[in-house]
Amino acid sequence: MRRASHLREPAAIKALLTLVALAYVALMLLLPLGAVLSQAFADGWRGWLAAVTEPDARSAIRLTLLVAGISVPLNMIFGIAASWAISKYDFRGKSILITLIELPFSVSPVVSGLVFVLLFGAQGWFGGWLQQHDIEIIFALPGLVLATVFVTFPFVARQLIPLMTAQGRGDEEAALTLGASGWQTFWHVTLPNIRFGLLYGVLLCNARAMGEFGAVSVVSGHIRGETNTMPLHVEVLYNEYNFIAAFAVASLLALLAVVTLALKSALEWRYRAAIAARS
Amino acid sequence: MSIRIENVSKNFSAFAALNQVSLEIRDGEFAALLGPSGSGKTTLLRIIAGLEVPESGEVWFGRKNVTEAAAASRGIGFVFQHYALFGHMTVAENIGFGLTVMPRASRPSKKDILLRTNELLDLVQLPGIGGRYPSELSGGQRQRVALARALARRPRILLLDEPFGALDAKVRRELRGALRTIHDELGLTSIFVTHDHEEAFTLADRVAILNHGQVEQFEKPKRIMQDPASDFVRSFLA
């Protein structure tokens, strides 16, 4: 039985570690999520519904969808273009470009927002010119989109660069020798090869675009019903001690996170099957 | 169709991959480019295909200068060492790819593409597997499918980059025979790259031996054996 006892000890440690991990997840993730939901529904189903359908909340939801709806496709196109260039061609400054793409991850979102205020705000570099021509960027939709694009632009590219580098140029060269044009090669060969990675990147990009607080907060100006996105609306409500409404809107954002997570897991599962099929 | 390479040079940064290479392959000939790795044989094949651009020199197909022509418009078939089959397409879709991307005016009908696909599957002795995916095939089968795909648009020239490199000895022998038969039947002009001199000598009409970006000798296998042109050729064949 000596062997059994020497096997049992790691098993005990394994159980302990698992328990610690589960407890930690429960404490740090499930408990807050539960708190959000219980607060959101403290006045029952009707209270929740009233909070998420009142005009300011509706406007915040609309604005968040609009900002994400513009920023995510922009970053998708940029991400594909950058990954294509980095993985399929050799050029000077490639490693600098890769580093720069990652930059928004290491910069505090507040700084990201401030950059745009410095550039386009009333006292900023282009502020005077913009005022003369009656163009609003800061405290308006363009500013929100700019800040969101900046904060979320690594997501798609980061997902695609390693994937496309690993896949190499072989399939594209084969398509070219078979007489396909550049566009046909992209559409029929490259895009299908990266589709799961691309979807995954877009999903993460979207989750961050909708949930972004810091950068958007700086450029928004917090005009209720006009420039407040959902996360900003939550903050406003919370500061007004309107907890039920704040948590009701927050529960929508939490729902977004849960849906993203579910889709992400589903994609990972599909993605793995696709990778296995390639080899 | 004859292939003429005139004074072609190509550098990769400081390293000269090809240095003033000239070579003429006759219409209907089966030629091999043989040499150690780094000798420039694959670079030369890729320049003929239009996948690389030479710094200087010219490439002629028959009476046409194709040096500046894009790979897609050269009318060649290319077979890659690692097959490069499209994993998300069935075997039939892979083989028909070259036909489905043709401009609408000259593109065959869906029915004709299917007929052609089946004809090609018969040619490479894999009838009835059109509905399968590349991942479900063995290495030898994949390379046969890749060959069928390269032939779909009836190219006059077939280029093969180490086509048997990733296969075991038995499959290699089978495939060699099949390739030679197809070459003769279709009246192709073919060039294949290899580092295996036995393979080059048993399969090719003439063998070009490359070293350090230059052609050391381009002759019939028998002549090379009898009369090696340089010390390098002698030692490479030993």
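**Entry 1: strands β6 and β7 of chain B**

I take two strands as paired if DSSP finds at least two bridges between them. The model I am reading is a predicted one, and I keep that in mind for every entry below. I began with strand β6 of chain B, residues 76–79, and looked up its partner: β6(B) pairs in the parallel sense with strand β7 of chain B, residues 157–161, over four bridges. Within this pairing I found B:F78 standing opposite B:L159 of β7(B). I then asked which way the residues of β6(B) point, and noted that B:I76 and B:F78 point one way while B:G77 and B:V79 point the other, all of them being buried. This fits the general rule that side chains in a regular strand alternate between the two faces of the sheet.

**Entry 2: the loop after β6 of chain B**

I followed the chain into the loop between β6 and α2 (91–100) of chain B, where B:Y83 is found. The phi of B:Y83 is positive, about 65°, although the residue is not a glycine. I recorded this since most residues other than glycine have a negative phi. Is B:Y83 buried or exposed? Its relative accessible area is 12%, and B:Y83 therefore counts as buried, the limit for that being under 20%.

**Entry 3: the open sheet of chain B**

I next traced a sheet of four strands in chain B, which is open, has the order β2-β1-β4-β5 and is paired in the antiparallel sense. Its edge strands are β2 (15–25) and β5 (64–65) of chain B, each of which pairs on one side only. Helix α1 of chain B, residues 41–49, packs on this sheet, where it touches β1, β2 and β4 of chain B, and its direction makes about 120° with that of β1(B). For the inner pairing I looked at β1 (residues 3–12) and β4 (residues 56–61) of chain B, which run antiparallel and are joined by five bridges. In this pairing I marked B:R4, which stands opposite B:W60 in β4(B).

In the edge strand β2 of chain B I stopped at B:Q20. Its phi is near 50°, a positive value in a residue other than glycine. B:Q20 has a relative accessible area of 46% and therefore counts as partly exposed.

**Entry 4: strand β9 of chain B and its neighbours**

How many residues of strand β9 (residues 206–211) of chain B are buried? I found six of six. Both faces of β9(B) are covered, with B:R206, B:A208 and B:L210 on one side and B:V207, B:I209 and B:N211 on the other. I then looked for its partners: strand β3 of chain B, residues 30–34, pairs with β9(B) in the parallel sense over four bridges, whereas strand β10 of chain B, residues 214–219, pairs with β9(B) in the antiparallel sense over five bridges. B:A208 appears in both pairings, as the bridge partner of B:L33 and as the residue opposite B:F218 in β10(B). Between β9(B) and β10(B), which form a hairpin, I counted two residues, and in this turn B:H212 has a positive phi of about 45°.

**Entry 5: helix α1 of chain A**

In chain A I looked up a nonpolar patch on the surface, formed by A:Y24, A:V25, A:L27, A:M28, A:L29, A:L30 and A:L31, with about 740 Å² of accessible area together. One of these residues, A:L30, has its place in helix α1 of chain A, residues 2–40. A:L30 is exposed because its relative accessible area, 53%, lies above the limit, which is over 50%.

A:G34 is also found in helix α1 of chain A. At 34% relative accessibility, A:G34 counts as partly exposed. I noted its separation from A:L160 as well: the two are 126 residues apart in sequence and 35 Å apart in space, C-alpha to C-alpha.

**Entry 6: two covered helices of chain A**

I looked up helix α9 of chain A, residues 170–177, and found it mostly covered, six of its eight residues being buried. The buried residues are A:D171, A:E172, A:E173, A:A174, A:A175 and A:T177. Just after α9(A), A:G179 takes a positive phi of about 100°.

Helix α12 of chain A, residues 230–239, is likewise mostly covered, with seven of its 10 residues buried. Here I listed A:M230, A:P231, A:L232, A:H233, A:V234, A:V236 and A:L237. α12(A) is followed by A:Y241, with a positive phi near 60°.

Conventions: Residues numbered from 1 in each chain as written. Chains lettered and ligands numbered in written order. Predicted model: local features only at pLDDT ≥ 70, side-chain atom pairs only at ≥ 80, totals over all residues. Heavy atoms only, no water. Contact = heavy atoms within 4.5 Å. Axes fitted to C-alpha atoms, helices over the stretch in contact; angles between N-to-C directions. Buried < 20%, exposed > 50% of the residue type's maximum accessible area, 1.4 Å probe, protein only. Patch = residues over 30% accessible without salt bridge, like charges linked within 9 Å, V, L, I, M, F, W, Y side chains within 5 Å. Areas by Shrake-Rupley, 256 points an atom, 1.4 Å probe, with all protein chains shown as cover. Salt bridge = Lys/Arg side-chain N within 4 Å of Asp/Glu carboxyl O.
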